[in-house]
Amino acid sequence: MRYQKLGNTDIDVSVIALGTWGLGGGSVWTDRDSTVEDTGNLLDICREYGINYIDTAPVYGTGASEELLGKALKGRRQDFILQSKCSLNWRNEGGNFHYERDGYTVNNDTRAAAVKKDVEDSLRRMQTDYLDSVIVHYVCGSFPVEETVGALEDLVREGKIRTYGLSNSQPADLAAYRRVGGKVSVVQEFFSILSPFHGREYFEMCRKNNTVFQTYGVLEEGFLTSPAFLDKEFAKTDIRSRLPWVAPEKKEGLRRAFALWAPMCEEYHCSYAALVEAWALSQYDRMSLLVGMRRASSVEDTAKCLDIKLKAEDIKRMEEAVKAIQVAVLDK
């Protein structure tokens, strides 16, 4: 495993981070619900492979993901860097409507009181005294940046969080947070070989501020793991049923890409998933690879991407293989 500092802090995080959206279950992920035992076993295998960085959020299963992690982390909280989020909540106490799901109305609220309450709720659900990092889940222009940053800095001073970051934002948002004294350590943004444009626009600003860029969606919720995945069907509520890659023309484009990538997988002795993950790591020198994993085999395979050193010509060929089906904007 490789490690890096989280922004300008002294927090050492593994380059690979465990994403736990899937642990929350609910209508968004219809495969199966996770148990405390499942989660504990997952943390065991992560520790075995040196993965110490865990990302979750209150809205992942409306509290379910955080509660599972809280129970599974008992006795080993100190072994992991724990990151959750703020701004999205279902308390019906104001903010902007964001979505309705599983009987809950979720609002986006970055006012000071909401940010602090979000953190307090996460601490309670995860049975911990502090969070290593808190991400503003969706940056919101309706409320003053100064108020949000002030709340986050208060939480740092109180010892309830160690640092913080942004998600679903723009480079201009990072600049705005920095202008008012925000010490943003990480930005967590969608980035994949099928939709790389937003990430690439962000890299310069991240580099300027020594900010870690944490990807999510690098495997496109499984669509970039293998040709066989393209034959799966999902419930209408499942996030994967709403992605562009379910369209016949996109699927055909992906099948052609897999055929072109197959010789590379043989050359680098890796899976399609590890090849795509290695491509992502090649794009920015302070990259954090956030991957949703629920099985030991996924952790083992993902760890292999760190040993792959892609040649420049292979990076170019990989990108050319999907150029015709790339999308500029993809909001999940």
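A polar contact is a pair of N or O atoms within 3.5 Å; within protein, one atom must be able to donate a hydrogen and the other to accept it. I keep this definition at hand for the entries below, which concern a predicted model.

**Entry 1: Thr 128**

I began with the side chain of Thr 128, which reaches the backbone oxygen of Tyr 130 at 3.2 Å. I located Thr 128 in the loop between α3 and β9 (131-136). Is Thr 128 buried or exposed? Its relative accessibility is 10%, so I recorded Thr 128 as buried.

I then looked up the side chain of Arg 77 and found that a polar contact of 3.1 Å joins it to the side chain of Thr 128. Setting aside neighbours within four places in sequence, I listed Arg 77, Leu 82 and Leu 123 as the contacts of Thr 128. For Leu 82 I also noted the separation: 46 residues in sequence from Thr 128, and 9.8 Å in space from C-alpha to C-alpha.

Arg 77 appears again at Tyr 130, where its charged end sits over the ring, 4.2 Å from the centre. I noted another arginine placed over a ring: Arg 101 lies over the face of Tyr 99, at 4.2 Å from the ring centre.

**Entry 2: Asp 118**

I next turned to helix α3 (residues 112-125), which holds Asp 118. The relative accessibility of Asp 118 is 1%, so this residue counts as buried. Which backbone atom does the side chain of Asp 118 reach at 2.7 Å? I found that it is the nitrogen of Ser 87. I also recorded a polar contact of 2.8 Å between the side chains of Asp 118 and Arg 91. Leaving out neighbours within four places in sequence, I found Asp 118 in contact with residues including Cys 86, Leu 88, Asn 89 and Asp 109.

**Entry 3: a sheet of three strands**

Asn 89 led me to a sheet, since I found that its bridge partner in β8 is Asn 107. The sheet is open and has 3 strands in the order β6-β8-β7, with antiparallel pairing. In general, strands of a sheet pair through backbone hydrogen bonds, either parallel or antiparallel. Which strands are at the edges? I noted β6 (88-89) and β7 (96-101), each of which pairs on one side only. Between β6 and β8 (residues 104-108) I found 2 bridges, in the antiparallel sense.

**Entry 4: aromatic rings**

I searched the whole structure for aromatic pairs and recorded 15. In one of them, the rings of Trp 90 and Tyr 104 have centres 6.1 Å apart and planes at 70 degrees. An angle over 60 degrees counts as edge-to-face, so I entered the pair of Trp 90 and Tyr 104 as edge-to-face. This pair links distant parts of the chain: Trp 90 lies in the loop between β6 and β7, and Tyr 104 lies in strand β8, 14 residues apart. Tyr 104 is partly exposed, with a relative accessible area of 36%.

Phe 223 and Phe 229 form another edge-to-face pair, with ring centres 5.1 Å apart and planes at 75 degrees. I noted that both Phe 223 and Phe 229 are buried. I also recorded one aromatic cluster formed by Phe 191, Tyr 202, Phe 203, Phe 213, Trp 279 and Tyr 284.

**Entry 5: nonpolar cores**

Phe 213 returned when I looked up the largest nonpolar core, which has 86 residues. Phe 213, Leu 254, Trp 261, Leu 275, Leu 310 and Met 318 touch the most other members of this core. Which helix gives the most to the core? I found helix α8 (residues 272-281), with 9 residues. For Leu 254, neighbours within four places aside, I noted contacts including Leu 194, Phe 223, Trp 245 and Ile 325. Another core, of 12 residues, lies apart from the largest; among its members are Leu 6, Ala 17, Ile 81 and Val 186.

**Entry 6: Gln 283 and helix α9**

I located Gln 283 in the loop between α8 and β13 (287-292). Gln 283 counts as buried, because its relative accessibility is 18% and the cut-off for buried is under 20%. A polar contact of 3.1 Å joins the side chains of Gln 283 and Arg 200. Beyond four places in sequence, I also found Gln 283 touching residues including Phe 191, Phe 203, Ile 315 and Glu 319.

Last, I looked up helix α9 (residues 296-303) and listed its buried residues as Val 299, Asp 301, Thr 302 and Ala 303. I found that the buried residues of α9 pack against β3 (16-19), α1 (36-48), α8 and β13.

Notes
Residues numbered from 1 in each chain as written. Predicted model: local features only at pLDDT ≥ 70, side-chain atom pairs only at ≥ 80, totals over all residues. Heavy atoms only, no water. Pairing = 2+ DSSP bridges. Helix = DSSP H or I, 4+ residues; strand = E, 2+ residues; numbered from the N terminus. Phe/Tyr/Trp six-rings, centres within 6.5 Å; stacked < 30°, edge-to-face > 60°. Buried < 20%, exposed > 50% of the residue type's maximum accessible area, 1.4 Å probe, protein only. Lys NZ or Arg CZ within 6 Å of the ring centre and 35° of its normal. Contact = heavy atoms within 4.5 Å. Core = buried A, V, L, I, M, F, W, Y, C linked by side-chain atoms within 4.5 Å.
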